[in-house]
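Hi,

Here is the structure I promised to pass on. Have a look at it first, and then read my notes below.

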Amino acid sequence: MMRPLEDIKILDLSRVLAGPYATQILGDFGAEIIKVEMPKKGDDTRYFGPPFENNESAYFLAINRNKKSITINIKNERGIEILHRLLKISDVLVENFRPGTLDKLGLDYNSLKDKYPKLVYVSISGFGHTGPLKDKPGYDLAVQGMSGIMDITGPENGMPYKVGTSIADIIAGIYAVIGTLLALRVKEKTGKGQKVDISMLDGQVSLLTYQAGIYFMTGKSPKRKGNQHPTICPYETFETKDGYLNIAVGNDNLWISFCEIVGLEEIVNDERFKTNPQRVKNRDILFPLIQEKLKSKKRDEWLEIFDKEGLPAGPIYSVSEVLNHPQVKAREMIKELDHPAIKKMKTTGIPVKLSDTPGRILTPPPLLGEHTHSLLLSLGYSEQEIEELREQGIV
């Protein structure tokens with residue numbers, strides 16, 4: 001079965017999360033991903049943990065399937081030579097080093113663009129390659145804090161919270177995939193590669209969307225509201241007799257239905273709550289009225305009623321609950337793979353479903369340097385040369 005990127009070769013110099021997440025997505029759709037790691041050490045995430053199983057990190061396993069691993073000491077001249085052989089056969093280079101790091105090795109975009117004019121060069125960093133912060137190292141937590149995301153996340157009267165996953169890294173990885181595909185499309189038309197400059201901060205700022213719009217219109221920074229929505233009400237989390245659920249009353253017709261379902265018919269036409277802007281304005285009065293009603297039944301009782309009536313509502317699942325949910329399984333979002341070190345491993349599935357050329361998860365995350373020998377042979381190195389490179393610590 002054809003896969004969309006099966007003729008694309010990607011030289012992956014990235015590590016930790018943003019870059020590896022991007023190349024994993026590209027690998028799922030057929031690109032050949034050659035992951036370059038330092039001899040004996042490898043990607044930092046091989047040591048992120050616990051948990052580990054047979055020395056394999058859960059973190060590393062989550063973001064490195066469908067890749068080949070070659071170990072190369074890129075600080076060595078002979079290691080750089082190997083990289084250049086790989087560049088000759090690569091369509092894309094992905095890196096997420098701090099800006100300026102690869103300049104010293106002659107592996108920055110400006111050093112490579114004339115020698116490899118068809119190369120798509122994807123660079124992911126905390127703040128991008130322009131601007132006053134371009135040389136500043138970028139870490140997910142720091143970028144979340146600087147982006148405004150943390151300032152609007154958390155309880156209204158409490159401290160700011162980060163998102164529960166590394167959202168700045170992950171969004172940067174997704175934008176890197178989009179940038180890669182766009183640049184490959186241009187290359188298809190013109191025969192020329194280009195640089196794709198991805199900033200973690202840019203990605204987080206883009207997520208502000210309507211929160212930024214509120215600021216642009218009012219000149220005032222939106223504030224933390226817990227699980228409230230800043231412009232829709234009721235659209236938040238409520239407590240039931242035995243747990244919590246989310247209710248999303250997104251328009252005035254749903255509001256009428258909601259009131260009938262929970263027994264609040266007497267306030268349907270109350271001028272304080274009749275329209276969404278009025279409900280938002282008077283939320284502090286409305287919330288306790290709804291909360292009192294919802295505490296009369298258990299969570300699943302309410303959810304059954306809401307589902308039957310077509311009212312948007314849902315539970316708050318734990319990670320365990322969602323990963324064992326029939327809907328998630330039906331969408332093939334949990335896949336099991338054979339792994340040479342841990343026998344069986346599970347991984348999240350592919351969220352983009354193509355009807356005719358779907359992505360596939362074919363190989364587990366590689367062992368460190370698992371493909372070094374075969375890749376060097378394919379690049380024209382002899383068995384003797386490969387042994388010398390190993391003895392010298394270059395691979």
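**Around aspartate 12**

Setting aside neighbours within four places in sequence, aspartate 12 is in contact with Thr23, Ile33, Ile34, Lys35, Val36, Lys67 and Val94. Before I go on, please keep in mind that this is a predicted model. Aspartate 12 belongs to strand β1. Its relative accessibility is 0%, and since buried means under 20%, aspartate 12 counts as buried.

**The parallel sheet**

Strand β1 is part of an open sheet of six strands, which run in the order β5-β2-β1-β6-β7-β8 with parallel pairing. At the edges you will find β5 (68-71) and β8 (195-199); each has a single partner strand, so one side of each is left without a neighbour in the sheet. On average, neighbouring strands here are turned by 20 degrees against each other, ignoring direction.

If you zoom in on the β5 end, strand β2 (residues 32-37) pairs with β5 in the parallel sense, over four bridges. Isoleucine 34 is a handy place to start, as it stands opposite lysine 68 in β5. You have met Ile34 already, among the contacts of aspartate 12.

Now for the helices on this sheet. Helix α3 (residues 77-88) lies across β1 (9-12), β2 and β6 (92-95), and runs at about 155 degrees to β1. Helix α6 (residues 167-190) also packs on the sheet, where it touches β6, β7 (120-125) and β8. The direction of α6 makes about 160 degrees with that of β7.

**A nonpolar patch**

Which residues form a nonpolar patch on the surface? They are Ile174, Tyr175, Ile178, Leu182 and Leu207, and together they have about 410 Å² of accessible area. Helix α6 gives the largest share of this patch, with four residues. One residue to click on is tyrosine 175, which sits in helix α6. Tyrosine 175 has a relative accessible area of 33%; it is partly exposed, because that term covers values between under 20% (buried) and over 50% (exposed).

**The antiparallel sheet**

Further along the chain there is another open sheet, this one with three strands in the order β9-β10-β11 and antiparallel pairing. Its edge strands are β9 (235-239) and β11 (313-315), each of which pairs on one side only. Here the average turn between neighbouring strands is 25 degrees, again with direction ignored. The pairing of β9 with strand β10 (residues 244-248) is antiparallel and goes over five bridges. To find your way in, look for glutamate 236, which stands opposite isoleucine 247 in β10.

**The whole chain**

Finally, some overall numbers. The protein chain has 16 helices and 13 strands, and its C-alpha trace spans about 85 × 50 × 40 Å along the principal axes. Of its 395 residues, 45% count as buried. The chain exposes about 20,900 Å², with carbon and sulfur atoms supplying 53% of that area. As for contacts with a separation of 6 or more, 67% of them are between residues 24 or more positions apart.

That is what I have for now. Write back once you have been through it.

Cheers

Notes
Residues numbered from 1 in each chain as written. Predicted model: local features only at pLDDT ≥ 70, side-chain atom pairs only at ≥ 80, totals over all residues. Heavy atoms only, no water. Pairing = 2+ DSSP bridges. Helix = DSSP H or I, 4+ residues; strand = E, 2+ residues; numbered from the N terminus. Axes fitted to C-alpha atoms, helices over the stretch in contact; angles between N-to-C directions. Contact = heavy atoms within 4.5 Å. Patch = residues over 30% accessible without salt bridge, like charges linked within 9 Å, V, L, I, M, F, W, Y side chains within 5 Å. Areas by Shrake-Rupley, 256 points an atom, 1.4 Å probe, with all protein chains shown as cover. Salt bridge = Lys/Arg side-chain N within 4 Å of Asp/Glu carboxyl O. Buried < 20%, exposed > 50% of the residue type's maximum accessible area, 1.4 Å probe, protein only.
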